[in-house]
Protein chains: 4
Amino acid sequence: MSDRTTIGVGMIGYAFMGRVHSQAWRSVGAFFDLPLAPRMAVLAGRSKERTEAAAAQLGWADIETDWRELVKRDDVQIVDICTPGDSHAEIAIAALQAGKHVICEKPLANTVAEAEAMVAAAAGAPGKSMVAFNYRRVPAIALARRYVEEGRIGEIRHVRAQYLQDWIVDPEFPLVWRLQKDKAGSGALGDIGAHIVDAAQFITGQHLLGVSALTETFVKERPLAAESAGLGATASDAKGEVTVDDAALFIGRMSDGALASFEATRFANGRKNAMRIELNGSRGSLAFDFEAMNELWFSAGGGGFERILVTEPDHPYVGAWWPPGHGLGYEHTFTHEIKDFLEAVATGADPSPSFADGLRVQRVLEAVERSAADGSRYTNVED
Amino acid sequence: MSDRTTIGVGMIGYAFMGRVHSQAWRSVGAFFDLPLAPRMAVLAGRSKERTEAAAAQLGWADIETDWRELVKRDDVQIVDICTPGDSHAEIAIAALQAGKHVICEKPLANTVAEAEAMVAAAAGAPGKSMVAFNYRRVPAIALARRYVEEGRIGEIRHVRAQYLQDWIVDPEFPLVWRLQKDKAGSGALGDIGAHIVDAAQFITGQHLLGVSALTETFVKERPLAAESAGLGATASDAKGEVTVDDAALFIGRMSDGALASFEATRFANGRKNAMRIELNGSRGSLAFDFEAMNELWFSAGGGGFERILVTEPDHPYVGAWWPPGHGLGYEHTFTHEIKDFLEAVATGADPSPSFADGLRVQRVLEAVERSAADGSRYTNVED
Amino acid sequence: MSDRTTIGVGMIGYAFMGRVHSQAWRSVGAFFDLPLAPRMAVLAGRSKERTEAAAAQLGWADIETDWRELVKRDDVQIVDICTPGDSHAEIAIAALQAGKHVICEKPLANTVAEAEAMVAAAAGAPGKSMVAFNYRRVPAIALARRYVEEGRIGEIRHVRAQYLQDWIVDPEFPLVWRLQKDKAGSGALGDIGAHIVDAAQFITGQHLLGVSALTETFVKERPLAAESAGLGATASDAKGEVTVDDAALFIGRMSDGALASFEATRFANGRKNAMRIELNGSRGSLAFDFEAMNELWFSAGGGGFERILVTEPDHPYVGAWWPPGHGLGYEHTFTHEIKDFLEAVATGADPSPSFADGLRVQRVLEAVERSAADGSRYTNVED
Amino acid sequence: MSDRTTIGVGMIGYAFMGRVHSQAWRSVGAFFDLPLAPRMAVLAGRSKERTEAAAAQLGWADIETDWRELVKRDDVQIVDICTPGDSHAEIAIAALQAGKHVICEKPLANTVAEAEAMVAAAAGAPGKSMVAFNYRRVPAIALARRYVEEGRIGEIRHVRAQYLQDWIVDPEFPLVWRLQKDKAGSGALGDIGAHIVDAAQFITGQHLLGVSALTETFVKERPLAAESAGLGATASDAKGEVTVDDAALFIGRMSDGALASFEATRFANGRKNAMRIELNGSRGSLAFDFEAMNELWFSAGGGGFERILVTEPDHPYVGAWWPPGHGLGYEHTFTHEIKDFLEAVATGADPSPSFADGLRVQRVLEAVERSAADGSRYTNVED
């Protein structure tokens, strides 16, 4: 293992996503037999002081205060983008043009136009690129896909996906960046709805053809955040307008005829991170809820549902970790993602999900918004 | 108790619904202190032989082979309609005109026009009338309504209702009457979708303003049933067209602004009778699944969900039965329904749900069908 | 069906058990095709007024105020004993000697000596006799036994049984008859512990060889009940000694080498009627909790547990009732019990569980008490 | 953070426990604001080649092939013992005598005598010492303890603990070191039973006064392992005797009068790592199952159980990690343990659980073995 080629990583952003990506870069080599040994070379952030503190805590060797400098560095071969969606396109395109490999947080971009530009850049670049839909690397979700591929549930009739949270139920929760359209692109739709759209398309191997949608903003204005950098921001007296959706519901048809329903909301009191998906097929069914992320429920048809504890050595990713019944957590999905990305970089394979997959999700989100604006009329994703 | 006034009941139909209604008529007096003692006077069915056998087994004193005769009898004050939807309007109107009280299985009728005629007949008649949405009498659902009325979950933001079954997943399952539009009016939509629409409106005290819908018939033709009288019918070689929906999905808005999603399907492999509803409010949430009918899940906001075993003496209907933890079953919902109906008849109160409530559900079903036919466009229920 | 032979039933006691038995006698013929049609002939109770009211409500044709009169009556062929345990032996023996069939509530008696006398009486009598361990007729428990018999879980290694309730956690709950040794024989041990001992022996087809036990009375004295007739009795100021156990724990060995643990308590706050049993075998496992009585959890070994909704037509007893997913309740276990009893009476077969089965449970209870009194020393059941 | 004092760590053993401890040492500083920065200085193992490979993968700077050398090194201030139980005493005592801080895997030792010697060594040493009962650091278990301390469940009546696994159900599973008494001390009893004894004592703040026990070895001999170093060892043709228990059951009394039951087994088919504990108190109850490690079930008395997702910022340890609903995994319990240990070392506080706590557990295990050997007689722990 000591003779593995080292590959330098530069990460931009050190908030929630930066912290979890750092843990993945730090841990991946201790569990997976990798062809490349990642070196946590550079962390970029705007504030020198804060970036230095973050680098020290998270284990990055050096810092930059301008991401443009990071992208140019010779000791950086992989650029990991953990910033809000409004900067994804600019950074990713610059990094790809600089010959770097790019892993970019989701959603790929805030608009379809940006996402298209990123796909174009990726197509012409020597580097590999991946959009970080980490839920694909929940072992239970990867196992669900395997079951579908093996035909265990037959022809899929129904997809039923929900992503339910409750962190902004309180109308006094402040106007953080995730509630501002210019920063976040959309609200629950892009932040968490994107995950269930990608997961549904990933597990089924199909894509959404069209949707009918409703969106809503329940709390129209909120206290301005004294500092809008994180979920934990505190409120001030002044108020500002919430410019994104609080919830989005849509129904649609998948490419092989399945009916699908989706709901993303931050107003489901008591649901903390209920990213749920159920598939019903002609031969069986599968059900998952991230609040119990180590479980996959499988019905072989006829009978009931089996609770599979997805902690067996032959389950996806799991053999690298602990004995059966010793569960994994949220962060492991990122470790798995980076493991797959490093393998793709080493072998020259195309990482999955690609920027094109990210664009496909983006088109769904845009179709949702168009449908909601147009009387929920059925709207084709590809239009 | 022995000096209670006796009231004669005549029931039409003795299949699935007739059997469960009979058990309710037979049991209700032993558990509830009723102002009226029901007498199981007459059972009507077309076949003399079968009706006699059913009457003997189910405990009816006499039979008729023509419901018109039953409706005329002096020893019948209550007419209980347990036939398929296509005959509801004719029977109910005749019974009301004959001065009888009427309890009618759901859906109220197969069309809005029929339902309107029934409401008109009920309005002018001396008898009481009720549509038998029995799920209102699941103690957990009645408790959910109580919690909403008490303000325990605050302003409702989301209604999420599903009714999932799997009994026709097999394409060789025969073309029973429930799969024929002329008999059943619609498929999953009217049979089970009607229940979740009524339950959602009942628990929230709101009504659906409009919907956007998709419907689908996955299996277009099926073997003709040698006999189409029951779910257990056996298949023959000839095939016939399935003229109803296999599944219906719709999203919409409730009268106070909540977003709502509904799904009714008979193709959810592994789900046997998953009639589920979840409400998320500004202060808390409630969740129910009929597959665990003695449980209601309640979140008081902030924390998680409490599993309430709805078997306490102060829970709706429960005090009449067994000690805590000794659950009830499906049939008890009918016993409760008949208890409430008898009390309304005795006191002169209007039973709930009324024919008008049944019409309201019917209008939703019709809006669903119009929306599905019109590109899922948002369709007002009252149009 | 109308030509079935009628058989007269006389029931003694009309409290909790009498009410549920009545519902079973009233309903059984409507659902099961029986060789004998039970006639609810006579109800016996000490108070004429109360017994008359109970008979009117529960549907008994006549009453007696002395059970000895009931036992003599020609219109009674079956005697159903629903009294506290201290009167079981006397009544059952008299009824058997009078040539009646006897169904007797559990525990069979309050002492081994009484139970032995009952077994002896049953052995020499023309009538059939059964002890009413109703939990054997929970469809899920009957299905568990079927799975064990079919070898689906292999050689049994572990039995893990608990019966958890919480109705006397409050020290102000009054001293009802179930808390008095002279009436009830024992406390949690005989009342609910008896059920899990019987269920464990029934499902496994084995019996307990010996036990090591601990018992405890947490609340030593309680307010005297103004009236000690029911669970709902109200408290007075005076206090009396609690003379039975509040909880009993015991571990032991089954006849084929399985290790077994049992716990019966009325002090498990939040557990209402958690009658639970889990079996682990060399090939699989089974788990059940009465608080979700329509579910059986089955592990085929290797994988996880499947939640079987025990509502399919081919599940024990279930075909007589409703479609899949439409669950049964507590009372149905009694209906099933009476159905099996009537069939045994009609065919001349020996009903199960027999008085000898009841005695076997009684011997276990006695061994538990001896072990608890003797330093938890391992105590043979047959000594 | 960069000016924190660095403290050198030397770890002995790199199998399962060594891997998870390494992940904890590697991660702890990135999430917790620690007074000391651990440096992963030295890894000790017998095979130079394997130890070097492990050190490279797990991130240790140097290696030793003799733990005695590690214990002497000046760049090691903390010795982390991850070997089987038979070497714990010798290593720990040597390390303490060398002035090191010691964290030792559980069980503390294979015998009470060894454990006593370790406690004596710890008492006289300048270094801090801790036994690694990691389950105390499951956030849900730490929250359970907090609830007990706050009096939320009142006076405890029942402790019900199980640790159920199934990894040796197959009789062809080889004779690994964990099945050999000279290496492992005992079987399920010491390996997993120790955890539930410690957890029960930790959460309740009480200790076990005495026990009555049964133990069993279901499979008496097994194929010799070609290599007995890990769980994954492969079998050979020769067989050897299993010298430890496969399962242990015991019941007992806690210091404040609660009744307690414990079961540890490796033969519970379908249970992978079901480390479960339930407490019933006079005011409420708590229940936990490690197979759903991010959940704690709490009953406030009267009602049902609330499923608390233990992922809120104010839950123990959780604030350092991810947003609500984003669960943790098995390895985090070790990270929390090391965080607490480092804080104790820095502040001079006594770490918990101490070697004395480990001895207390050891005494319980020994009492279990004595009771099992002596007819399950009730056996005092302190004798």
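In the predicted model, the centres of domain 1 and domain 2 of chain A, taken over C-alpha atoms, are separated by 22 Å. Domain 1 of chain A spans residues 5-135, and domain 2 of chain A spans residues 138-380. The two domains of chain A meet through 40 residues of domain 1 and 43 residues of domain 2. On the side of domain 1 of chain A that touches domain 2, two or more residues are given by each of α1 (16-31), β2 (36-44), β5 (101-105), α5 (112-124) and β6 (129-132) of chain A. The most is given by α1(A), with 9 residues. By residue class, this side of domain 1 of chain A comprises 27 nonpolar, 9 polar and 4 charged residues.

Strand β5 was also examined in chain D, where Ile103(D) is placed in this strand, residues 101-105. Ile103(D) has 27 other C-beta atoms within 10 Å. Because a residue with 20 or more such atoms is classed as buried, Ile103(D) is assigned to the buried class. When neighbours within four places in sequence are left aside, the contacts of Ile103(D) are Ile78(D), Asp80(D), Met130(D), Ala132(D) and Phe341(D). Pro351(D) lies 248 residues from Ile103(D) in sequence, yet the C-alpha atoms of these two residues are 9.5 Å apart in space.

In chain C, helix α4 covers residues 88-97, and its buried residues are His88(C), Ala89(C), Ile91(C), Ala92(C), Ala95(C) and Leu96(C). An α-helix has 3.6 residues a turn, so residues three or four places apart point the same way. The buried residues of α4(C) pack against strands β1 (5-12), β4 (78-81), β5 (101-105) and β6 (129-132) of chain C, and against helices α3 (67-72) and α5 (112-123) of chain C. Just after α4(C), a positive phi of about 85° is taken by Gly99(C).

The arrangement of the chains was then considered in pairs. Chain B is superposed on chain A, with an RMSD of 0.0 Å, by a rotation of 180° with 0.0 Å of shift along the axis. The C-alpha of chain B nearest this axis belongs to Arg377(B), at 2.1 Å. Of the contact residues of chain B, 100% recur in chain A, and the same surface thus serves both copies. Each side of this contact is of equal count, with 32 residues from chain B and 32 residues from chain A. On the side of chain B that touches chain A, at least two residues are supplied by each of β7 (156-164), β8 (208-216), β11 (247-254), β12 (259-265) and β13 (274-281) of chain B. Among the elements of chain B, β12(B) gives the most to this side, with 4 residues. The side of chain B that touches chain A divides into 11 nonpolar, 16 polar and 5 charged residues.

For the other pair, a turn of 180° and a shift of 0.0 Å along the axis lay chain C on chain D with an RMSD of 0.0 Å. The two copies are therefore related as by a two-fold rotation axis. Arg377(C) comes closest to the rotation axis among the residues of chain C, its C-alpha lying at 2.1 Å. Because 100% of the interface residues of chain C are also interface residues in chain D, the copies meet through the same surface.

How values were computed: Residues are numbered from 1 along each chain as its sequence is written. Chains are lettered from A and ligands numbered from 1 in the order in which they are written. This is a predicted model: local features need pLDDT of at least 70, side-chain atom pairs count only at pLDDT 80 or more; totals for chains, interfaces and linings use all residues. Copies are superposed by least squares on the C-alpha atoms of residues with pLDDT of at least 70 in both. Two residues are in contact if their C-beta atoms, placed from the backbone, lie within 7 Å. Ala, Val, Leu, Ile, Met, Phe, Trp, Tyr, Cys and Pro count as nonpolar, Asp, Glu, Lys and Arg as charged, and the others, Gly among them, as polar. Domain bounds come from an automatic or database domain assignment. A residue is buried if 20 or more other C-beta atoms lie within 10 Å of its own, exposed if 12 or fewer, and partly exposed in between; C-beta atoms are placed from the backbone.
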